[in-house]
Amino acid sequence: MNTEHFGRHRRKILPESALIHPGDQAGYEALSAYAFEKATLLNRHMLGYGAFVENEWAALGLDAPDLDVVRKYRLDRIRQQLEKFDLSAAILCDPLNVRYATDATNMQIWSAHNAVRYTFVALEGPVVAFDFHNCEHLSAHNSQVDEMRHGIPWFYFESGPRSQELALKWADELADLVKTYGGGNHRIALDKARREGVAALETHGLLFHDGEEVMELARAIKCPDEIKAMRRSIASCEAAMQEMEDALVPGMTEWELWSLLHAGNIRRGGEWVETQLLASGPRTNPWFQEASARVIENGDLVAFDTDLVGPYGMCCDISRTWLCGNDAPTGEQQSLYRMAFDQIEANIEMLAPGRTFRELSHEASSLPEDYLANRYSVLFHGVGLCDEYPAVPYPSDWESGGYDGVLEPGMVVCVESYVGRHGGHEGVKLEEQLLITGQGYERLSTYPYDERLLGRQM
């Protein structure tokens, strides 16, 4: 057990200038302590976002979030859900749940399919973060993390035919934590683990509750400092969108245009883009074509969905459709755009605390019959570190997958519209991101609509 870096015992991180190398002849422990301290100081979360994007945020009057407040709030939210469901602990394997609990990042996409990072959160006890080989320093910036340990890589790429053996070792260590800090309660939350790990935990008498439910409900309500982080992330996303729109000309490929969103996100300290949903011209109908080598032509509609995880790990889920070139839009293009715009605006007006998901589904503005076949998968959905609970479908999909609930202040939701006639030539995708307040809603996304497609400018 590695207890030397427990949060409550960890000495205050020194400024970089105060770090003094102990000398090449120093002992192993002294060099290890120096390397740990240096790596902690140079962690991306300690370095911050840099002058370029900080100046952009300052120009917009966007205050910095207090990340210590965010980290404590998130841990409290997890423990509130554990108490609600009478659980003694959570074992979190989903990289986004690990991020929520620890605010530590490490090869997030790689970790999504190589399960080497996981976190133990006790209802009454420590937060123990398990990370990749020699990566224990990546959680040291967060005083809410009490202990860092080396993760046991029991996925087949790392463990090969020893996978079963290492899964048992993985389970032994986690079960020991449950028995040590669970107060005799063996009911735990478990979000995602392969069946070998689940079976190994069961041999210790552990009982499981759906960890996804625990974490989705915990993540659903954002604190004010999380909203500050989201405002900054959206501002960076929209700056990258502006760079895309400024560069859009006939003759460039969809990939060339799409790359500008990625570049703008990374330049501003963003993390990744979850999809590649950008299409032009005939590829805009039906929806869900990913970006391609197609050359964008004059007069094409270009539609995209950002699905972008930006600074602070906050998701920006905004959709826009633009008209490429200088020509006037066709009547059909304007009709599609106006239909999507009107649906978005009408459904935004429904947002208020206390609104039920059933009401949102069944009372929302819908689409004409010949457009419903191409309807989007949801009318509304939550968003935080990614697309999150809740998801509100069209009424025709309610019986197959809908569920009820209530909008609460602090939720952030996206309002969606895709309009494309069944068998039609083009389609329009629009989406806005909004905060549920005590009185109603506040728009967080502010990127302007295409005035030509709205018929306001020729």
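**Strand order and helix packing in the predicted model**

Residues 1-14 have pLDDT under 50 throughout, and for this stretch the model has 29 contacts beyond four places in sequence. The structure is a predicted model. Over the protein, the mean pLDDT is 95, and 96% of the residues reach 70 or more.

An open sheet of 6 strands is present, with mixed pairing and the strand order β4-β3-β2-β1-β5-β6. The edges of this sheet are taken by β4 (147-150) and β6; each has a single partner strand, so one side of each is left without a neighbour in the sheet. On average, neighbouring strands are turned by 25° against each other, direction ignored.

Within this sheet, strand β1 (residues 89-92) runs parallel to strand β5 (residues 187-190), and 3 bridges join the two. Ala90 stands opposite Ala189 in β5, and Ile91 has Leu190 of β5 as its bridge partner. Strand β5 also pairs with strand β6 (residues 207-210), again in the parallel sense, over 4 bridges. Here Ile188 is matched with Phe208 of β6 as its bridge partner. The connection between these strands contains helix α9 (residues 195-202), and β5, α9 and β6 together make a right-handed β-α-β unit. Helix α10 (residues 211-220) lies across β1, β5 and β6, and runs at about 45° to β6.

Helix α8 (residues 163-181) comprises 19 residues. From its first C-alpha to its last, α8 reaches 27 Å, close to the 27 Å expected at 1.5 Å a residue. The buried residues of α8 are Ser163, Leu166, Ala167, Trp170, Ala171, Leu174, Ala175, Leu177 and Val178. An α-helix has 3.6 residues a turn, so residues three or four places apart point the same way. Among the buried residues of the helix are Leu166, Trp170, Leu174 and Val178. Gly183, which has a positive phi near 60°, follows α8.

A further open sheet is formed by 3 strands in the order β7-β10-β11, with antiparallel pairing. Strands β7 (272-273) and β11 (315-316) are the edge strands, each pairing on one side only. Strand β10 (residues 308-309) is joined to β11 by 2 bridges, and the two run antiparallel. In this pairing, Leu308 stands opposite Cys316 of β11.

How values were computed. Residues numbered from 1 in each chain as written. Predicted model: local features only at pLDDT ≥ 70, side-chain atom pairs only at ≥ 80, totals over all residues. Heavy atoms only, no water. Pairing = 2+ DSSP bridges. pLDDT = per-residue confidence, 0-100. Contact = heavy atoms within 4.5 Å. Right-handed = clockwise from strand over helix to strand, strands pointing away. Expected span 1.5 Å × (residues − 1). Buried < 20%, exposed > 50% of the residue type's maximum accessible area, 1.4 Å probe, protein only. Axes fitted to C-alpha atoms, helices over the stretch in contact; angles between N-to-C directions.
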